[in-house]
Structure formats: C-alpha cells, structure tokens
Amino acid sequence: AGKGQLWAYGWYAYLDGGDARYVTRDVYVLAMETGASIIGITAGIILLRRRETRRFTDNQLLVLMALMVSDFYPTYMYYVTETHSGLPNVGGVADLIVKFIVANLFWLIMPWVVFIWAGRQLISRRSSSRVN
C-alpha cells in the first residue's frame with residue numbers, strides 16, 4: 001500500500017526481502033523490536049517533559065543512561081549472532097554494506113554519545129553544587 005510513498009521508504013529494505021528475519025516469527029527479533037519501541041516511547045516522554053520544564057532532572061538523565069545501555073545491548077547481540085550464524089539474513093555485498101553496517105551503525109554509536117553526554121551533565125551538576 002505504501003509503494004512509492006515517502007513514509008514507507010525506510011521500510012523498503014524489510015518489505016522487499018532485505019531482512020528475512022521479519023518474514024518469520026523469530027522471538028528474538030520480536031523481543032528486540034518490542035524493547036526498542038519501549039525505549040523509544042520512554043525517551044520520548046522524557047523529552048516531552050524536558051520541553052515543558054526546559055531542563056533535564058537528574059532522574060531523567062539517569063533513566064536516559066539506562067535506556068542507552070538497554071538500547072546498545074540488543075544491537076550488539078544482533079551483530080554478534082548474525083556474524084556467528086554466517087550472515088544468513090544478508091543477501092550480498094550491497095546488503096552487507098548498506099543494511100548490516102550503515103543502517104545499523106547509528107544504533108551502536110548513539111547510545112554511547114547520549115550515555116556520555118548525560119553522565120557529563122550529572123558530573124557537572126555535582127561539581128557546581130559542591131562549589132555553591
């Protein structure tokens with residue numbers, strides 16, 4: 001139904017056979033995607049609260065750090081299990097580069113960026129509260 005429509009572009013790799021795991025009912029994939037959705041919803045709520053208050057609370061920063069750890073682990077497991085299985089869901093060199101490396105690299109890097117940023121915010125607050 002979404003063929004040729006902009007909203008569906010991100011899903012073409014999955015709909016067009018780019019990742020065979022989404023064709024079967026793999027419990028690991030279902031758990032991974034459900035967890036990612038919960039993480040996204042929780043982070044979205046935190047960002048909405050931040051928009052209202054104009055600052056992150058310490059608890060919100062700690063939750064964001066925990067979410068980033070929770071987000072990194074399944075991505076790491078995806079890479080390890082796919083590689084260990086011989087990349088059965090990757091259809092060739094183009095899929096390897098585009099889908100397996102480029103499309104998922106963001107999920108390996110950004111959790112660290114957010115985790116380190118939130119940690120530095122907490123450390124900065126602790127240092128400034130000691131000075132005052």
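The following dialogue introduces the predicted model of one protein chain.

Student: On what basis are features of this model reported?

Tutor: This is a predicted model, in which local features need pLDDT of at least 70 and side-chain atom pairs count only at pLDDT 80 or more, while totals for chains, interfaces and linings use all residues. Residues are numbered from 1 along each chain as its sequence is written, and side-chain values use heavy atoms, with hydrogens and water left out.

Student: What pLDDT does the protein chain average?

Tutor: The term pLDDT denotes the predictor's confidence in each residue, from 0 to 100. In the protein chain, 86% of the residues score at least 70. The average pLDDT of the chain is 83.

Student: In which helix is confidence highest?

Tutor: Helices (H or I, at least four residues) and strands (E, at least two) are DSSP runs, numbered from the N terminus. Confidence is lowest in helix H1 (residues 12-15), at a mean of 62. It is highest, at 91, in residues 27-53, which form helix H2.

Student: How many helices and strands does the secondary structure of the protein chain come to?

Tutor: From the N terminus on, the elements run α-α-α-α. The secondary structure therefore comes to four helices and zero strands.

Student: What span should H2 have at 1.5 Å a residue?

Tutor: The expected span of a helix is 1.5 Å times one less than its number of residues. H2 has 27 residues, and its end C-alpha atoms are 39 Å apart, which agrees with the expected value. That expected span is 39 Å.

Student: At which residue does H4 bend?

Tutor: H4 has 39 residues and reaches 56 Å from its first C-alpha to its last, close to the 57 Å expected. A bend is the angle between axes fitted to the seven residues ending at a residue and the seven starting there. In H4 this angle is about 35°, and the residue is asparagine 104.

Student: Is isoleucine 39 buried or exposed?

Tutor: Isoleucine 39 is found in helix H2. Buried means under 20% relative accessible area, exposed over 50%, and partly exposed in between (1.4 Å probe, protein chains only). Because its relative accessible area is 11%, isoleucine 39 is buried.

Student: Which residues is isoleucine 39 in contact with, leaving aside its neighbours within four places in sequence?

Tutor: Contact means heavy atoms within 4.5 Å. Isoleucine 39 and methionine 68 are 29 residues apart in sequence and 8.4 Å apart in space, C-alpha to C-alpha. With neighbours within four places in sequence left aside, the contacts of isoleucine 39 are Leu67, Ser70 and Asp71.

Student: Which helix gives the most to the largest nonpolar core?

Tutor: A nonpolar core is a set of buried Ala, Val, Leu, Ile, Met, Phe, Trp, Tyr and Cys residues joined through side-chain atoms within 4.5 Å. The largest has 11 residues, including Ile39, Ala43, Phe56, Leu64 and Leu122. H2, helix H3 (58-84) and helix H4 (93-131) each supply at least two residues of this core. With five residues, the helix that gives the most is H3.

Student: How many residues has the other core, which lies apart from it?

Tutor: Among the residues of this other core are Met32, Tyr78, Val90 and Phe100. The number of its residues is five.

Student: What covers the buried residues of H3?

Tutor: Among the buried residues of H3 are Gln60, Leu61, Asp71, Pro74 and Glu82. The buried residues of H2 pack against H3, and those of H4 also pack against H3. The cover of the buried residues of H3 includes H2 and H4.

Student: Is arginine 54 buried or exposed?

Tutor: Arginine 54 is found in the loop between H2 and H3. Its phi is near 70°, a positive value in a residue other than glycine. Because its relative accessibility is 63%, arginine 54 counts as exposed.

Student: How does isoleucine 116 count at 46% relative accessibility?

Tutor: The place of isoleucine 116 is in helix H4. Isoleucine 116 and methionine 65 are 51 residues apart in sequence and 8.2 Å apart in space, C-alpha to C-alpha. At 46% relative accessibility, isoleucine 116 counts as partly exposed.

Student: What percentage of the residues of the protein chain count as buried?

Tutor: The protein chain has 132 residues. The share of these that count as buried is 25%.
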